[in-house]
Amino acid sequence: SSSPFLSAKPKRGSIVDTYQTVSVNCAKCGERLFRYKKKNGTKSNLVKCYVERISEDRVNIISEAPENPPDDYQWQCPSCETQFAR
């Protein structure tokens with residue numbers, strides 16, 4: 001029998017409110033995509049995003065995405081259509 005893959009769930013609630021907010025911009029055109037609550041601010045690269053931590057969805061990326069996007073969903077910048085996540 002195979003064991004299921006278990007991943008850590010993001011922290012929620014008031015602790016996340018203390019995290020620094022960083023801007024996430026498109027690398028190609030510079031459009032601000034969203035603002036994100038990141039634990040260690042700008043000290044390291046943003047590798048993984050949790051939807052719960054997006055504090056400002058500037059260009060409606062999350063609201064226009066499917067409710068449960070498939071793993072192969074193409075997250076794209078609305079201005080230049082460059083893929084920014086996978």
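**Reading the predicted model, residue by residue**

Reader: What relative accessible area does Tyr 73 have?
Author: Three classes apply, set with a 1.4 Å probe on protein chains only: buried is under 20% relative accessible area, exposed is over 50%, and partly exposed is in between. Tyr 73 falls in the partly exposed class, because its relative accessible area is 25%.

Reader: What pLDDT do local features need here?
Author: Numbering starts from 1 along each chain as its sequence is written, and side-chain values rest on heavy atoms, without hydrogens and water. This is a predicted model, where totals for chains, interfaces and linings use all residues, side-chain atom pairs count only at pLDDT 80 or more, and local features need pLDDT of at least 70.

Reader: What pattern does the protein chain follow along the sequence?
Author: Helices (H or I, at least four residues) and strands (E, at least two) are DSSP runs, numbered from the N terminus. The chain has one helix and five strands. Read in sequence order, the pattern is α-β-β-β-β-β.

Reader: What share of the 86 residues counts as buried?
Author: The count covers the whole protein chain. Of the 86 residues, the buried share is 22%.

Reader: Which element gives the most residues to the largest nonpolar core?
Author: Such a core is a set of buried Ala, Val, Leu, Ile, Met, Phe, Trp, Tyr and Cys residues joined through side-chain atoms within 4.5 Å. The largest one has 12 residues, among them Val 22, Leu 33, Phe 34, Tyr 36, Ile 54 and Trp 75. Two elements, β1 (20-25) and β2, give two or more residues to this core. With three residues, the top contributor is β2.

Reader: Which Phe does Leu 33 touch, beyond four places in sequence?
Author: Contact means heavy atoms within 4.5 Å. Residues up to four places away in sequence are set aside for Leu 33. Its partners include Val 24, Cys 26, Val 59, Ile 61, Cys 77 and the Phe in question, Phe 84.

Reader: What is the angle between the planes of Phe 34 and Phe 84?
Author: Rings of Phe, Tyr and Trp (its six-membered ring) pair if their centres lie within 6.5 Å; planes under 30 degrees apart are stacked, over 60 edge-to-face, and the rest tilted. The whole structure holds two aromatic pairs. Phe 34 and Phe 84 form a tilted pair, 6.4 Å centre to centre, with a plane angle of 55 degrees.

Reader: How many residues apart in sequence are the parts that this Phe pair ties together?
Author: Phe 34 is buried, with a relative accessible area of 4%. Phe 84 is partly exposed, at 29%. Phe 34 sits in strand β2 and Phe 84 in strand β5 (residues 83-85), so the pair ties together parts whose separation in residues is 50.

Reader: What kind of pair do Tyr 73 and Trp 75 form?
Author: Trp 75 counts as buried, at 19% relative accessibility. Phe 84, from the other pair, is partly exposed. The ring centres of Tyr 73 and Trp 75 are 4.8 Å apart and their planes lie at 75 degrees, so the pair is edge-to-face.

Reader: Which strand holds Glu 56, the salt-bridge partner of Arg 35?
Author: A salt bridge is a side-chain nitrogen of Lys or Arg within 4 Å of a carboxyl oxygen of Asp or Glu. Arg 35 and Glu 56 meet in one at 3.8 Å, N to O. The pair ties together parts 21 residues apart in sequence, because Arg 35 lies in β2 and Glu 56 in β3.

Reader: Which residues do salt bridges that share partners join into one network?
Author: The structure holds two salt bridges. Glu 56 also meets Arg 58, at 3.9 Å. Shared partners make one network of Arg 35, Glu 56 and Arg 58.

Reader: Which residue has the nearest side chain of opposite charge to Lys 37, and how far away is it?
Author: Lys 37 is in strand β2 (residues 32-38). Lys and Arg count as positive, Asp and Glu as negative; His and the chain ends are not counted. Lys 37 is buried and has no salt bridge. The nearest opposite charge is on Asp 17, at 5.4 Å.

Reader: Which side chain makes a polar contact with the side chain of Lys 37?
Author: A polar contact is a pair of N or O atoms within 3.5 Å; within protein, one must be able to donate a hydrogen and the other to accept it, and residues adjacent in sequence count only if both atoms are side-chain atoms. At 3.2 Å, the partner of Lys 37 is Thr 21.
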